[in-house]
Structures are given as structure tokens and as C-alpha cells.
Amino acid sequence: MDHTRHRQGSEVLIVGAGPTGMVAALVLAANRIPCRLIEQRPTPTSSSRALGLQARSMELLAGLGLAEPIAEQAYQLSGASIMRGDEELTRMPWLPPDSPYPYTYVLPQQGLETILRRRLDELGLDVAAGSELVTLIQDDRSVTARLSGGRELTASWLIGADGSRSTVREQLGIPFTGVATGETYYLADAVLDPAPPVRDSGMWLGPEGPLMIMRLPGPDGLWRLFVDVTDRTAGDDRPAEPPPELLQALLTERGPTSTRITRTDWVSVYRTRLCLADRYRGGRAFLAGDAAHVFPPFGGQGMNLGIQDAVNLGWRLARVIKGASPDLLDAYEAERRPVAAEIITKVESRRRMYGLRNPLARGARDLLLRATAGSRPLARRTSWENSQLDISYARRRPRPGAVPVEGDRLPDLPVSGGTLHDHLDPAHFTLINFAPVGGPAAGPVEPSEDPVVVRIDDESDPGGGTRAACGMRRGGYLLVRPDGHIAERGQDPSTVSVLTGERG
């Protein structure tokens, strides 16, 4: 994929240069749409609350040429252990899902942002740091953003990726409906020596709530600590960041008994909320990422939702700017908001389970965790959900190995020389033309740049396994969107009509 340098203009203004905003800019750049990216922070973030990249996000980042450098730097998390002191009670493995990225790829947010910023620089896209949005004004043709220094920027469209305290959301008057859960956590990145008695991730579910640790990338023996201190900080509206000796006391009291903190690189206090924007759009402005949804980091889902918001919105904006009907933008909220709502529900269920205080309830939970730990079907289902490969815009929830329908993610199935995903790109639709198994070659379809036509026949799919998995043993076609979800399936590819959206 050749996403070359282009002139920076003002078709789209992106407010917020975190992972969501930068991925949106890269998707627009792949489609040769001029955009401008502004960020309130004067310097890149040094914090690292967000950590894990799941398989679905890695697939989308692969389309931007970013999965390989991320995988090279990330720690590949393969499961989690439930612990008591130094004893492993049970292990919950991640069973590799149907993806070339079968792990949770642990990379602190600042590391991911460095990779994204480097790619933006290669494309000639700058981040205007220290640019604070104050007000928004829009009409039926454009959006104007006034910055704190009095400067004004005008664009045809605007993406608000400016985090949980979004000024864009506030200016649009969109309610951020939700609640504070009342829980407080200490977060820290620390070197532990000797290494704790877990493979790569562990949870201690005690009477004061969970203590969790996760291996971070790099040779220094760095781990993320995540400690529930709700009971300890009760009544304190602004709890202070914990000193190293307090973190050590909590670790010894509630976690591995012999592990010592020898260095602390970063500490923070985190108070959990569950919030979802009532709408994702106000006129010509849209919300994405934490500006649209926030929830506790159980399961490493939040940053991934933002990345997927950015890809979904980015390709739609590109089509509309090139001439497609603006109605195409309506499906952004219709698709993405229910996904966030469902994940918030799952995360809240997990939060309540981990944070149980009642001794009887905790005992029942621990028995259940031990009883189900050896279930491979349950581990496979959990891995499928955590990977976010189960996200679909169809009316039913897909199952691993099920024939995909319209709205599902295209499975990454083998074909000669690679896989189906090798033919996908955020800058075009892909028309996969299947010949019948054992039948004549796929019928002629006029080659084009959009959709890109891929022919699958007995030569490229010996034995017909990929066609069978797609429900295409008798032939047919799948039209795949730029974000890898199936837009249409049918028998006669000559009937396909794609809104390429080219002007004129």
C-alpha cells in the first residue's frame, strides 16, 4: 500500500492527537484527504494508562503498515493467572483466535503514540501541539474552531478525539451519560525484583478488591501495577499519588510476598467512571474514542474501541468528501455506539465480580473461577471476545468459524501466497469473486482500483477450504469495506455498485 505524502489542507480538522486522533489522520491520509491535527498538550504524553492492543485493532493497524513495528516492540500477553500469595490458583489462557495477531499486545500508550507520530511525519502530517480548542461554530458547509490564542481554523468536517473531558463534546452540547463507580486505583509502572511468580499477568482478588500486575515490554523487568484502594482512600476527594514505600506495602500485603519494587517510573491515581455519549455527532462534527465512551480498563478494551472508531469514521468521511452521499455518515453512530454500550456492560460486570467485598460472594466467585478455568470452550469464547474479533454490525453475534454475513468482519483465511486480509486496505473496497469449488474459474469482473477485485478459485484455494468457510462453495462474491467488514454478499458480482465517490 502506497500512502504517499500529500499537501496538508482543511477538509477535516481533528481535535486530539492521541491514538484515536492519529489513526483517524492516517486513514484520511491513506485516502488522500487533506486534514489538520491539533493537540492541547504542548508535548507528547508521558503517561501510559492505556496498554493493550487486541487482535482486531492490530488487523486494522496492519492496513496502515503499523502492525509489524508495534508487534516488534510490544509484549505478547498469553493469559492471566489468579493468585493467592505466591500460589497460582488457576490460569486463564488466551487461546489464539482466528487472526494473525493472536495475543494482547502490551505497549504503553506513549510507545504507540511514538510509532503513530513517526508515521504521520513520514506522510508530511504535523501535529499542532499546544493548540487548545475554545469554541466551535458551524454552518451547513463548514466547522470553525477558535483556539485559545484567538486563531481560527475552518474545515469541512471535524473529529473530536480530545478525550474524556472533551471540549468538542461540550461545545456540541452532547450529554455524557453515566456514573462514577466510586472506586479508586493506584497505577504504577515499576521494576520488580525478584520477578513475581506469574508468567505475564496476575490477579489477587482479596477482601479489599483486586491487585493486578502485568508484564510490560523491554528488558528492564518493568510491570504495571493496578491496585484497588477504594477502602483506603474513602472520604478523600483528591487522593495523592502513592509514594514507593506505600506501593511496596500494598504489594507485600496483598500480592506476591517476596517481590520488591526496585524502581518506579510512573505513578497515577485513577477514579473509575462509566460514561457513554448520548450521540456521536453534532452537525458536521463527530466524537470518537474517549470523547465518546469511558470505562474502567478491565480487559484492555478502551483504546481499541477508539482505534476502531477512527477507522470506521475515517473511511466514511473520505467517501463523502470524494462525492458519496452524506447519508453514509449516519451509520457511524448506528454501528459504533451499540458496540461501546455492549462493552461497557461487559466491563462493568467484570468490575463488579473482581471487586466483591462480601466473604461469601468472594468464595463463590473463586470456586466458579477454579471450576471453569480448565474449560477450553470457555477460554476460546473469552479469547474471541477479548480480541474484539466478535464485533459485528449484523443483527446477530458471530461465532468463531461461522459463515460470515453482511456486517461481520471478513475472516483472515488462507489463499495462495497469503491470506484474504492481504488484499484489504483502508483506501478501497475489495470485491472477492469466488469460483465454484471444482468448477470453472471465477467469471470476469472488470478490474478496478476501487473496488480492488480478487479472484478465488481452485488454483488460489486448493481444496476449497476458504470458500467453504465463507459459504461460497458454489461461487459468489463478498464486497468488503475499507474497515474489513462485509458490506454485501451475493451470487453475481457484476451487479455490485460501490460508491467510489469520485467527483465529476
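Start by selecting R146 and look across to β11: standing opposite R146 is E152. Keep in mind as you click around that this is a predicted model.

**The hairpin around R146**

Now widen the selection to residues 143-147, which make up strand β10, and add β11. The two strands run antiparallel and share 4 bridges. Follow the chain through the turn: 4 residues lie between the strands of this hairpin, and G150 has a positive phi near 95°.

Stay with β11 and show side chains for residues 152-155. Which face of the strand is covered? The one carrying L153 and A155; flip the view and you get E152 and T154 on the uncovered side. So E152, the residue opposite R146, belongs to that uncovered face.

**Over to the six-stranded sheet**

Next stop is an open sheet of 6 strands with mixed pairing. Color the strands in this order and walk across: β8-β2-β1-β12-β19-β18. At the edges, select 127-129 for β8 and 281-282 for β18; each of these pairs on one side only.

Zoom in on β1 (residues 12-15) and β2 (residues 35-39). They run parallel, joined by 4 bridges. For a landmark within that pair, pick L13 and its bridge partner in β2, R36.

Now bring in helix α7 by selecting residues 302-321. This helix packs on the sheet and touches β1, β12 (157-160) and β19 (285-287). Line up your view along β12 and compare directions: α7 makes an angle of about 175° with that strand.

**A quick cysteine stop**

Select C35 and C275. Buried or exposed, C35? Buried: its relative accessible area is 1%. C275 is buried too, with a relative accessible area of 5%. If you go hunting for disulfides, the structure holds 0.

**Zoom out**

Finally, show the whole protein chain as a cartoon: there are 11 helices and 26 strands to find. Its C-alpha atoms fill a box of roughly 70 × 65 × 40 Å along the principal axes. How does the radius of gyration, 24 Å, fit with a compact globule? It agrees, because a compact globule of 504 residues would come out near 23 Å.

Switch on a surface and you're looking at about 21,200 Å² of accessible area, 50% of it from carbon and sulfur atoms. Buried residues account for 56% of the 504 in the chain. If you draw contacts between residues at least 6 apart in sequence, 70% of them join residues at least 24 apart.

Terms used: Residues numbered from 1 in each chain as written. Predicted model: local features only at pLDDT ≥ 70, side-chain atom pairs only at ≥ 80, totals over all residues. Heavy atoms only, no water. Pairing = 2+ DSSP bridges. Contact = heavy atoms within 4.5 Å. Axes fitted to C-alpha atoms, helices over the stretch in contact; angles between N-to-C directions. Disulfide = S-S within 2.5 Å. Buried < 20%, exposed > 50% of the residue type's maximum accessible area, 1.4 Å probe, protein only. Rg over C-alpha atoms; globule rule 2.2 N^0.38 Å. Areas by Shrake-Rupley, 256 points an atom, 1.4 Å probe, with all protein chains shown as cover.
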